[in-house]
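Look at the sequence and the model below before reading on. The report goes from the whole chain to single residues.

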Amino acid sequence: GTAPNLPNYARWVVLVFVDDFDLSTIAALRYARSLRPTTLRAVHFVIDTDTAEQLRAAWLPDRNVTLEFIDTPDRRVTRAAAELVSKEVELAGTQVTVILPRRSFSPLLGRLLHDRTADKIAVVVSRIPNAAATIIPFDVQNRVRVLQERHAAREGKAGQAVLAPAGGGSQAATEDAAERQHMEAAVAAATPHEPRRVEEDRPGKAGGEPGKRAQEPEPLPGAGGYGRPVPPPDVTPIGSLHEPGRAAVEGRVRMLELRPVEHNSVLVAEISDSTGDLTAMFYGRSNIPGLMCGSKVRFRGTVGIRDGAPVMINPAYELLLPGGGKKPRAGS
């Protein structure tokens with residue numbers, strides 16, 4: 001018999017959901033690359049800004065995969081995952097595959113993984129038309145042992161005991177040190193050499209002015225709440241930006257991305273107000289202190305329209321403090 005016909009999708013998006021940057025994440029990324037999708041992104045749902053910042057800092061060696069941070073203030077990761085996948089498959093001809101790394105630890109270390117979040121996400125995603133989920137199990141202790149044995153062999157110490165004797169109290173420390181030692185090599189092995197390009201925006205001639213509210217846009221669902229604050233009178237509502245020009249906008253950061261471009265990074269921030277969403281792109285940046293999911297920020301600069309949505313390139317920015325205060329930041 002002949003092989004069954006497989007569905008032909010014009011766009012195949014693979015999303016790797018990550019909690020932190022460790023060997024299990026690298027294994028999941030390597031598997032995701034082997035699928036050769038149209039688009040590959042890593043996604044972190046932000047419920048703790050410190051954890052998100054640690055992930056951002058650790059991610060820097062792997063510049064060839066976009067890392068996306070999504071604000072999840074209600075901590076309902078499963079719902080946020082379903083919303084993200086549902087939005088992706090809205091485009092006709094799109095198939096989405098979610099990759100979920102799962103770490104397992106030896107009972108000898110007393111670190112059995114009981115969190116079943118990956119299973120819950122997989123069930124919800126699999127119910128969405130044109131979407132699927134794959135859990136990638138990763139035996140952390142076994143992988144560390146293999147890396148240690150390879151390291152010992154290279155140094156002419158093959159055959160010697162690699163792990164500390166039971167009760168020695170140093171096994172966990174030895175494994176942690178080995179994981180750190182081999183992380184750089186593992187990242188290099190998992191990182192492709194083809195750089196992805198980010199197109200430069202070319203806005204037209206200046207049009208609007210900061211604070212100009214030509215036509216009041218309709219408020220969106222959730223307007224005035226945490227995620228969609230009402231813009232103050234001295235800025236332009238995002239929903240009214242339909243033509244190139246200069247503007248000042250204000251909103252809350254809904255999403256952050258670290259995108260690769262050549263041998264550098266682009267920091268992408270999507271902000272929302274009660275009328276719409278705007279994307280700001282900071283070329284050559286991997287971090288702006290204080291700019292994170294959930295932050296309120298004001299951008300000033302030239303607006304371009306890309307795919308019908310407003311975009312700013314390297315805008316000046318102000319981080320807004322609780323109570324309406326402002327913390328000025330340099331921008332260009």
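What follows describes a predicted model, starting with its overall make-up.

## Overall make-up

The protein has 332 residues, and 44% of them count as buried. Its secondary structure consists of six helices and 12 strands. About 17,700 Å² of surface is exposed, and carbon and sulfur atoms supply 51% of that area.

Contacts can also be sorted by how far apart the partners lie in the sequence. Among contacts with a separation of 6 or more, 68% join residues that are 24 or more positions apart.

## Two nonpolar cores

In soluble globular proteins, nonpolar side chains tend to be buried together. Here the largest nonpolar core has 43 residues, and Leu291 and Phe299 touch the most other members. Leaving aside residues up to four places away in sequence, leucine 291 touches Val253, Leu256, Leu267, Ala269, Phe282, Val297 and Leu319. There is also a second, separate core of 23 residues, which includes Leu84, Ile121, Ile128 and Met255.

## Helix 4 and its buried side

Which residues of helix 4 are buried? In this helix, which spans residues 117–126, they include Ala118, Ile121, Ala122 and Val125. These four cover an arc of only 100° around the axis, so they sit on the same side of helix 4. The spacing fits a general rule: an α-helix has 3.6 residues a turn, so residues three or four places apart point the same way. Ile121 is also among the members of the second core.

## Alanine 58 in helix 2

Alanine 58 belongs to helix 2, which covers residues 49–59. Is this residue buried or partly exposed? Its relative accessible area is 31%, so alanine 58 is partly exposed; the buried class requires under 20%.

Alanine 58 and aspartate 22 are 36 residues apart along the chain, and their C-alpha atoms are separated by 8.9 Å.

## Strands around strand 10

Strand 10 (residues 309–313) pairs with strand 8 (residues 276–283) in the parallel sense, over three bridges. Strand 10 also pairs with strand 9 (residues 296–306), in the antiparallel sense and over four bridges. Valine 311 in strand 10 stands opposite threonine 279, and glycine 304 stands opposite valine 311 as well.

Strand 9 and strand 10 form a hairpin with two residues between the strands. In this hairpin, aspartate 307 takes a positive phi near 55°.

## Two buried glutamates

Glutamate 68 is placed in strand 3, residues 66–71. Its relative accessibility is 4%, so glutamate 68 counts as buried. What does the side chain of glutamate 68 make a polar contact with? The partner is the side chain of arginine 41, at 2.9 Å. Not counting residues up to four places away in sequence, glutamate 68 touches Arg41, Ala42, Val43, His44, Leu84, Met255, Leu256 and Glu257. Of these neighbours, Leu84 and Met255 are named as members of the second core.

Glutamate 318 lies in strand 11, residues 316–320. At 15% relative accessibility, glutamate 318 also counts as buried, because the limit for that class is under 20%. Its side chain makes a polar contact with the side chain of arginine 300, at 3.1 Å.

Definitions and conventions. Residues numbered from 1 in each chain as written. Predicted model: local features only at pLDDT ≥ 70, side-chain atom pairs only at ≥ 80, totals over all residues. Heavy atoms only, no water. Buried < 20%, exposed > 50% of the residue type's maximum accessible area, 1.4 Å probe, protein only. Arc of directions from axis to C-beta. Pairing = 2+ DSSP bridges. Core = buried A, V, L, I, M, F, W, Y, C linked by side-chain atoms within 4.5 Å. Contact = heavy atoms within 4.5 Å. Polar contact = N/O pair within 3.5 Å; in protein donor to acceptor, adjacent residues only side chain to side chain. Areas by Shrake-Rupley, 256 points an atom, 1.4 Å probe, with all protein chains shown as cover.
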